[in-house]
2 protein chains.
Amino acid sequence: MGVKERQEREKEAVGRAILDAARDLFVAEGYQHVSIRKIAERIEYSPAAIYSYFPSKDDIFYALAEEGFRMLSDRVRIAPGPDALEDVRRVCWSFYEFSKEHAEHYALMFLDRSVPRISRDWGRFGFVHEMQQDAALLIQRAIDEGFFPPRTDARAALLVLVAAVHGAAAMCLCDRMAPGEDPNALARDTLEATIAGLRSGITQTFRPDTTH
Amino acid sequence: MGVKERQEREKEAVGRAILDAARDLFVAEGYQHVSIRKIAERIEYSPAAIYSYFPSKDDIFYALAEEGFRMLSDRVRIAPGPDALEDVRRVCWSFYEFSKEHAEHYALMFLDRSVPRISRDWGRFGFVHEMQQDAALLIQRAIDEGFFPPRTDARAALLVLVAAVHGAAAMCLCDRMAPGEDPNALARDTLEATIAGLRSGITQTFRPDTTH
DNA sequence: TAGACCACTGAACGGTGTTCAATTCCGCAC
DNA sequence: GTGCGGAATTGAACACCGTTCAGTGGTCTA
């Protein structure tokens, strides 16, 4: 009686087909121009059918974001090499490269403000946690080997590195660079500056000027 | 015959009213939920009327983005103080503060990907150029006073600083921070690390690993 | 006062996400 | 094989959206 199993498999297949169609469309034409009706046409179902697979359009993109996080996890997980500092560099740089290779996914994961549940469910993506853990461990190793000051907080350092690289990635993903500027060079410089800064230690206490 | 003048004034007033309504709506409810019809209702005109003031909805947001750049220009222009390095810090930090005070404007200016003309017309906003120039001058002064290595490129350094701060701002604007994390602390740390990195100089040549 | 002009409107077009009653399909029991 | 029950799928509709355009109404000019 493999009937139920087959049915389940078929249902899953349709669900995947919806995601595939949505991915194709939004990678090709961008997030904005994906509509339920276009997805439906692509998989040769009626628009209404989609709603028995995903409760809303946002949930489709939510699933694609999860897919993105999974891809990022794979992309960012690197085998430790002989040079701990170089490993840190490589992890950060692969994060940046991911933003270029999967621009639409990246935008969905980190830039989009209309799928807020991504933010709230941060903890839901277990592998994201693992990924962070792995990266933090890499940094910790670099700390232990003396590349960073011994009192450096690996987790905080990771956040700073990600934020910095994300800044460069976002600027070029959102096309906010002046004509003459080289996005890759900016990303490289930003990453290098941040690493160098973390290495040198943040000596001065920072007091933001709140007057004016 | 102040007739033409009066008519022009009236027309200008309506244009401003449209922008005011659009701003109110998108600051209150976010970019996504602003519609021509809602703006029209607010100013008690028919939706069609708006099209004799702005050729499209995007142009309204384009105008608001320009407004944002103007505000940022004002916000960021600081009087040079006794400490050149502190001035650099203050400029960068006020950039970050702007992102919190005018989140929706900031998103429009730097994060939104559906109003691409902002990116293309970068050069159009003369005051943005001036702002950059001013900030670069501040950095140059810090270089001249020995806070940064003498061969530092002020303009490149500015870009790096902006990218880094923008990264932290974007992460918290897009609500991509894990629950326990302090956005301000991240922004502070990122800025400090970047400044420290630029000060220490980027000694190592960076060769991104393109294998894998 | 006649006419020109122009701001403004109502209605429509084609699109969107979403819902729901109705239909069709399919495996199962008899 | 027939009929049944439940699930999958659909067509039509709802309430929106940005945008267009013929037509209207009021104001200024000659």
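This is a short tour of a predicted model, from the contact between two chains to one helix and then to a DNA strand.

**Stop 1: where chain A meets chain B.** Select chains A and B together. Here 43 residues of chain A are in contact with 43 residues of chain B. Now colour the helices of chain A. Four of them, α5 (84-101), α6 (103-111), α9 (154-173) and α10 (183-200), each supply at least two residues of the side that touches chain B. Which helix gives the most to this side? α10(A) does, with 12 residues. Next, colour the side of chain A that touches chain B by residue class. You will find 25 nonpolar, nine polar and nine charged residues.

**Stop 2: along α10(A).** Select residues 183-200 of chain A, which form α10. This helix has 18 residues. From first C-alpha to last, α10(A) reaches 25 Å, close to the 26 Å expected at 1.5 Å a residue. Is α10(A) largely enclosed or largely open? Of its 18 residues, 14 are buried, so the rest of the structure largely encloses α10(A). Step just past the end of the helix to Gly201(A). There the phi is positive, at about 80 degrees.

**Stop 3: the surface near DNA strand D.** Select strand D and the 18 residues around it. Those that come nearest are Ala48(A), Ser35(B), Ala48(B), Ser56(B) and Lys57(B). Both chains take part through their helices: α1 (3-29) and α3 (47-50) of chain A, and α2 (36-43) of chain B, each supply at least two residues of this surface. α2(B) gives the most, with three residues. Colour by class once again. The surface near DNA strand D has 10 nonpolar, four polar and four charged residues.

Terms used
Residues are numbered from 1 along each chain as its sequence is written. Chains are lettered from A and ligands numbered from 1 in the order in which they are written. This is a predicted model: local features need pLDDT of at least 70, side-chain atom pairs count only at pLDDT 80 or more; totals for chains, interfaces and linings use all residues. Two residues are in contact if their C-beta atoms, placed from the backbone, lie within 7 Å. Helices (H or I, at least four residues) and strands (E, at least two) are DSSP runs, numbered from the N terminus. Ala, Val, Leu, Ile, Met, Phe, Trp, Tyr, Cys and Pro count as nonpolar, Asp, Glu, Lys and Arg as charged, and the others, Gly among them, as polar. A residue is near a molecule or strand if its C-beta atom, placed from the backbone, lies within 6 Å of it. The expected span of a helix is 1.5 Å times one less than its number of residues. A residue is buried if 20 or more other C-beta atoms lie within 10 Å of its own, exposed if 12 or fewer, and partly exposed in between; C-beta atoms are placed from the backbone.
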